[in-house]
Amino acid sequence: PDEIPMLWLAAPLTGLIVTKLDGTARGGVVVAVHEAVNVPIKFLGYGEQATDLAPFDPVRFAAELLDE
């Protein structure tokens, strides 16, 4: 994403929370954003509520991404 470098200059990030991830089909954006800013992904949101946030498990995420 082209906006990431400008965002990084305005507010340095220490971790990412990716929300509204309806499945691993759109999971490739997680990898792209992580590569663009090189900070850890902390949580993934699978719904619209705060309770829908889950700690990011890279092994599980990769397995689910490759399984689909």
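Trainee: In this predicted model, in which sense do strands β2 and β3 pair, and over how many bridges?

Mentor: As a general idea, strands of a sheet pair through backbone hydrogen bonds, and they do this either parallel or antiparallel. Here, β2, which spans residues 41–45, pairs with β3 in the antiparallel sense, and the pairing runs over 3 bridges. To follow one contact across the two strands, start from Phe 43, whose bridge partner in β3 is Pro 55.

Trainee: In what order do the strands form the sheet, and which are the edge strands?

Mentor: The sheet is an open one of 3 strands in the order β1-β2-β3, with mixed pairing. Its edge strands are β1 (16–18) and β3 (53–55), each of which pairs on one side only. On average, and with direction ignored, neighbouring strands of the sheet are turned by 25° against each other.

Trainee: Where does helix α2 lie, and which strands does it cross?

Mentor: Helix α2, made of residues 28–37, lies across β1 and β2, and it runs at about 160° to β1. Its buried residues are Val 30, Val 33 and Val 37. They are on the same side of α2 because they cover an arc of only 70° around the axis. After the helix comes Asn 38, whose phi is positive, near 50°.

Trainee: How many aromatic pairs does a search of the whole structure find?

Mentor: The search finds 1 aromatic pair. This pair is formed by Phe 56 and Phe 61, and it is tilted, with 5.5 Å centre to centre and 55° between the planes.

Trainee: Is Phe 61 buried or exposed?

Mentor: Buried means under 20% relative accessible area, so Phe 61, at 5% relative accessibility, counts as buried.

Conventions: Residues are numbered from 1 along each chain as its sequence is written. This is a predicted model: local features need pLDDT of at least 70, side-chain atom pairs count only at pLDDT 80 or more; totals for chains, interfaces and linings use all residues. Side-chain values use heavy atoms; hydrogens and water are left out. Two strands pair if DSSP finds at least two bridges between them. Helices (H or I, at least four residues) and strands (E, at least two) are DSSP runs, numbered from the N terminus. Axes are lines fitted to C-alpha atoms, for helices over the stretch in contact, and angles run from 0 to 180 degrees between N-to-C directions. Contact means heavy atoms within 4.5 Å. Buried means under 20% relative accessible area, exposed over 50%, partly exposed in between (1.4 Å probe, protein chains only). The arc is that of the directions from the helix axis to the C-beta atoms. Rings of Phe, Tyr and Trp (its six-membered ring) pair if their centres lie within 6.5 Å; planes under 30 degrees apart count as stacked, over 60 as edge-to-face and the rest as tilted.
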